[in-house]
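Trainee: Please take one part of this model and go through it closely, starting from a single residue and working outward. I would like to know what surrounds it and how far the prediction can be read.

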Amino acid sequence: MTHPVTTQVGAPSPKMLEVKNLKTHAFTKRGIVKAVDGVDLQISSGEVLGLVGESGCGKTMTGFSIIGLVDPPGRIVAGAVRFKGEDLGSAGAERMRSLRGDRIAMIFQDPMMALNPVLRVDTQMVEAVQAHRAVDRATALALAHEALVQVGMPAPERRLRAYPHELSGGMRQRIVIAIAFLNKPDLIIADEPTTSLDVTIQAQILHEVQGLCRKTGTAMIWITHDLAVVAALADRIAVMYAGRIVETGRAEDVVERPLHPYTRGLIGSVPSHNRRGASLTQIPGLPPSLIELPAGCAFHPRCGRATALCREEPEERAVGAGRHLRCFHPLVEALS
């Protein structure tokens with residue numbers, strides 16, 4: 001079954017996923033780690049949402065929380081996750097197992113951790129199909145071959161007969177992405193899947209993933225710390241800091257006209273051909289401990305625009321069509 005793709009520019013798309021006030025905390029001996037602290041997200045069919053931020057800001061934990069893969073001492077303590085209208089918070093373990101790998105898939109950062117080293121690729125892909133469909137091995141194998149072709153795998157017949165250690169990093173990553181698309185899911189959560197690849201292979205995979213989302217109507221959350229990658233891939237960007245979303249908007253708007261000082265800091269730290277020879281901007285200080293978050297805006301100890309007001313908690317507010325911000329002192333010059 002394929003999924004419809006919106007063809008009219010600006011036409012409303014059904015919300016594939018809605019996340020409201022999601023909070024995931026880890027209860028440790030040192031204190032409560034507020035890994036995800038009131039996250040709001042939504043994504044439509046066929047849309048790619050980039051979830052961006054420094055390491056440790058809660059991006060991966062947000063993805064794990066959506067699909068119910070939070071291990072102790074972590075626990076979802078508040079909020080709601082609705083997938084195609086279904087409340088996943090009240091779904092039982094059996095229902096979540098039926099959704100994972102079928103309607104919701106995840107691409108992990110390290111393909112060698114996601115693939116079984118002692119099983120051939122064809123065995124793993126056939127099992128991924130038969131876990132959710134009552135089909136014979138020949139049919140499942142044909143679907144696996146088709147998925148490898150879709151992600152641009154060279155000589156797919158030979159790769160199916162290989163073991164993971166016999167393949168390059170780029171090939172392993174293509175296999176993991178192909179497995180994610182095998183059952184034509186409605187939503188894929190990709191956790192920095194191209195970080196370890198060289199830029200040429202990375203660009204090829206990004207192009208193929210974007211094309212597959214457009215073709216199948218699959219929605220995707222692409223988790224990354226690399227704004228350069230997500231700017232070329234995503235339709236919208238959500239910038240995350242210390243467990244919270246601080247800015248969201250169309251990818252072009254966020255990259256070209258950032259409003260939050262943290263977003264501008266991230267963009268300024270990315271090398272650019274337009275600023276050849278210029279020094280990169282460094283965000284001063286370090287991200288705060290998620291156990292001892294500063295009062296008010298968590299970014300204010302590192303922010304050059306901070307005032308006493310920033311010791312209070314800024315509420316998220318709309319600042320334009322599809323643009324949301326959590327900041328008392330935005331870069332309003334970017335709106336002019």
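Mentor: A242 is buried, with a relative accessible area of 6%; buried means under 20% relative accessible area, exposed over 50%, and partly exposed in between, using a 1.4 Å probe and protein chains only. The residue sits in the loop between β9 and β10, and its phi is near 50 degrees, a positive value in a residue other than glycine. Helices (H or I, at least four residues) and strands (E, at least two) are DSSP runs numbered from the N terminus.

The model is a predicted one, in which local features need pLDDT of at least 70 and side-chain atom pairs count only at pLDDT 80 or more, while totals for chains, interfaces and linings use all residues. Residues are numbered from 1 along each chain as its sequence is written, and side-chain values use heavy atoms, with hydrogens and water left out.

The strands on either side of this loop belong to an open sheet of 8 strands with mixed pairing, in the order β6-β7-β8-β3-β9-β10-β12-β11. Two strands pair if DSSP finds at least two bridges between them. β6 (104-107) and β11 (317-320) are the edge strands; each has a single partner strand, so one side of each lacks a neighbour in the sheet. On average, and ignoring direction, neighbouring strands here are turned by 20 degrees against each other.

At the β6 end, β6 pairs with β7 (residues 187-191) in the parallel sense over 4 bridges. M106 stands opposite I189 in β7, and the bridge partner of A105 in β7 is I188. On its other side, β7 pairs with β8, again in the parallel sense, over 5 bridges; here D191 stands opposite I223 in β8. Of the 5 residues of β7, 5 are buried, so the strand is largely enclosed by the rest of the structure. Its two faces are both covered, with L187, I189 and D191 buried on one side and I188 and A190 on the other.

Two helices on this sheet are next. Helix α11 (residues 261-268) lies across β3, β9 and β10 (244-250) and runs at about 105 degrees to β9. Axes are lines fitted to C-alpha atoms, for helices over the stretch in contact, and angles run from 0 to 180 degrees between N-to-C directions. In α11, 6 of the 8 residues are buried, so this helix is largely enclosed by the rest of the structure. They are P261, Y262, T263, G265, L266 and G268, and they pack against β3, α9 (227-233), β9, β10 and α10 (251-256); contact means heavy atoms within 4.5 Å. Turning to the pairing of β6 and β7 again, which is parallel over 4 bridges, helix α1 (residues 59-66) packs on the sheet and touches β3 (48-52), β6, β7, β8 (219-224) and β9 (236-241); the direction of α1 makes about 150 degrees with that of β8.

E47 lies in the loop between β2 (32-44) and β3, and at 12% relative accessibility it counts as buried. Not counting residues up to four places away in sequence, E47 touches Q42, T218, A219, M220, D235 and R236. Its side chain also reaches the backbone nitrogen of S44 at 2.9 Å.

Another positive phi occurs at A155, near 45 degrees, also in a residue other than glycine. A155 lies in the loop between α5 and α6 (156-160) and is partly exposed, with a relative accessible area of 35%, whereas A242 is buried. A further backbone detail is the cis peptide bond joining P72 and P73, with omega about 10 degrees; P73 is in the loop between α1 and β4 (74-83).

As for confidence, the mean pLDDT of the protein is 89, and 93% of its residues reach 70 or more. The stretch of residues 1-13 has pLDDT below 50, and it makes 18 contacts in the model beyond near neighbours in sequence. pLDDT is the predictor's confidence in each residue, from 0 to 100. Where it is low, the predicted coordinates should not be read in detail.

Methods:
A polar contact is a pair of N or O atoms within 3.5 Å; within protein, one must be able to donate a hydrogen and the other to accept it, and residues adjacent in sequence count only if both atoms are side-chain atoms.
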